[in-house]
Amino acid sequence: DGHDVDMNVVTLTGGGDFIITQQNCLLANLPGSEPLPLTWTIEADNLVSSFNADIAFHYSDADVSGYTETSAFLGVAWFSEPAHAWIWKGGEVNAAENKIIVRNVSQTGKYVMFRRIFGDANGDGYVDEADLQQFADVWLSKNSGEFSKGTKQRFYNYNKNTNADGDQIIDEGDLQVFSDNWLNGTQP
């Protein structure tokens, strides 16, 4: 279906196989803006104690129709189970071959491709002061459930943290994800 994954293992401690599966649906509660309805899960045998790999996630022309095919707009995120948060990995976009290459991957788990980088609320391909102002506008916003699609609150709700009342809230965890992507992308 045009969504292959190429994995080049650079270093490996231990031995065994890697299994990569693809799920063709949009996961619930994804952060940010405009994820593709694809999830890749990378698993390793128990005998693999550590690894480092370059992974190419392929996409189709239809996946990016109407979007700029550059690293400023397209990228990959990985779900950190311990932090219970999506971590932006970015990647190098190769538009000629319809793929995003993420280098130095050392984590198994779930990966999702996004059409806009985390933090880039205004869609200019760069996380800067304009995006920070929009983040500040929603700081400490809360909602009894998932924030509505298309809202700035949903865009910035990366960690899906809840407060003592069980409300989702834009908090320090979301600020950390935003900070990790500060000045990410290509300056306009």
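Reader: Okay, two strands pair if DSSP finds at least two bridges between them. So which residue stands opposite G109 in β9?

Author: That's I42. One thing to know up front: the model you're looking at is predicted.

Reader: Got it. How many bridges do β3 and β9 share, and in what sense do they pair?

Author: Strand β3, residues 39–44, pairs with β9 over 3 bridges, and the sense is antiparallel.

Reader: What's the strand order in the sheet they belong to?

Author: Go across it and you read β2-β3-β9-β5-β6. That makes 5 strands in an open sheet, with antiparallel pairing. The edges are β2 (18–23) and β6, each of which pairs on one side only. If you ignore direction, neighbouring strands here are turned by 25° against each other on average.

Reader: Let me pick a residue in there. Where is G75, and is it buried or exposed?

Author: G75 sits in strand β5, which covers residues 75–80. Its relative accessibility is 0%, so G75 counts as buried.

Reader: What does G75 touch, leaving out residues up to four places away in sequence?

Author: Its contacts are W88, G90, I100, V112, M113 and F114. As for F57, which is 18 residues away along the chain, its C-alpha atom is 9.5 Å from that of G75.

Reader: Switching to helices. Which residues of α3 are buried?

Author: Helix α3 spans residues 172–180, and its buried residues are D174, V177 and F178. Looking down the axis of α3, you'd find them within an arc of 100°, so they line one face of the helix.

Reader: Huh, why would residues three or four places apart point the same way?

Author: An α-helix has 3.6 residues a turn, so residues at that spacing end up facing the same way.

Reader: And which residues are exposed on the other side of α3?

Author: Over there, E172 and D180 are exposed.

Reader: What do the buried ones pack against?

Author: Four elements: β6 (85–90), α1 (129–138), α2 (152–156) and β11 (168–169). So that's β6 turning up again, the edge strand from the sheet. Also have a look at the start of α3, where a side-chain oxygen of D171 comes within 3.2 Å of the backbone nitrogen of G173.

Reader: Cool. Now charges: how many salt bridges are there?

Author: The count is 6. One of them is between E92 and R103, with the closest N and O atoms 2.8 Å apart. E92 is in strand β7 (residues 92–94) and R103 is in strand β8 (residues 99–105), so this pair ties together parts 11 residues apart in sequence.

Reader: Why would such side chains get together at all?

Author: Side chains of opposite charge can pair when their charged atoms come close.

Reader: How accessible are E92 and R103?

Author: Both land in between: E92 is partly exposed with a relative accessible area of 39%, and R103 is partly exposed with 40%.

Reader: Which residue does K160 form a salt bridge with?

Author: E146, and the closest N and O atoms are 2.8 Å apart. E146 is in the loop between β10 (142–143) and α2, while K160 is in the loop between α2 and β11, so the pair ties together parts 14 residues apart in sequence. K160 is buried, at 13% relative accessible area.

Reader: Are there salt bridges that share partners, and which residues do they join into one network?

Author: D54, E92 and R103 are joined into one network that way. E146 also meets R154 in a salt bridge at 3.6 Å, N to O. R154 counts as buried at 16% relative accessibility, whereas E146 is partly exposed at 24%.

Reader: Where's R116, and what does its side chain reach?

Author: R116 is in the loop between β9 (109–114) and α1. Its side chain reaches the backbone oxygen of A121 at 3.0 Å, and a 2.9 Å polar contact joins it to the side chain of E34. Buried means under 20% relative accessible area, so R116 makes the cut at 17%.

Reader: Last one: what's N98 in contact with, leaving aside neighbours within four places?

Author: F57, H58, Y59, S60, D61 and E69. N98 itself is in the loop between β7 and β8, and it counts as buried at 13% relative accessibility.

Definitions and conventions: Residues are numbered from 1 along each chain as its sequence is written. This is a predicted model: local features need pLDDT of at least 70, side-chain atom pairs count only at pLDDT 80 or more; totals for chains, interfaces and linings use all residues. Side-chain values use heavy atoms; hydrogens and water are left out. Buried means under 20% relative accessible area, exposed over 50%, partly exposed in between (1.4 Å probe, protein chains only). Helices (H or I, at least four residues) and strands (E, at least two) are DSSP runs, numbered from the N terminus. The arc is that of the directions from the helix axis to the C-beta atoms. Contact means heavy atoms within 4.5 Å. A polar contact is a pair of N or O atoms within 3.5 Å; within protein, one must be able to donate a hydrogen and the other to accept it, and residues adjacent in sequence count only if both atoms are side-chain atoms. A salt bridge is a side-chain nitrogen of Lys or Arg within 4 Å of a carboxyl oxygen of Asp or Glu. Axes are lines fitted to C-alpha atoms, for helices over the stretch in contact, and angles run from 0 to 180 degrees between N-to-C directions.
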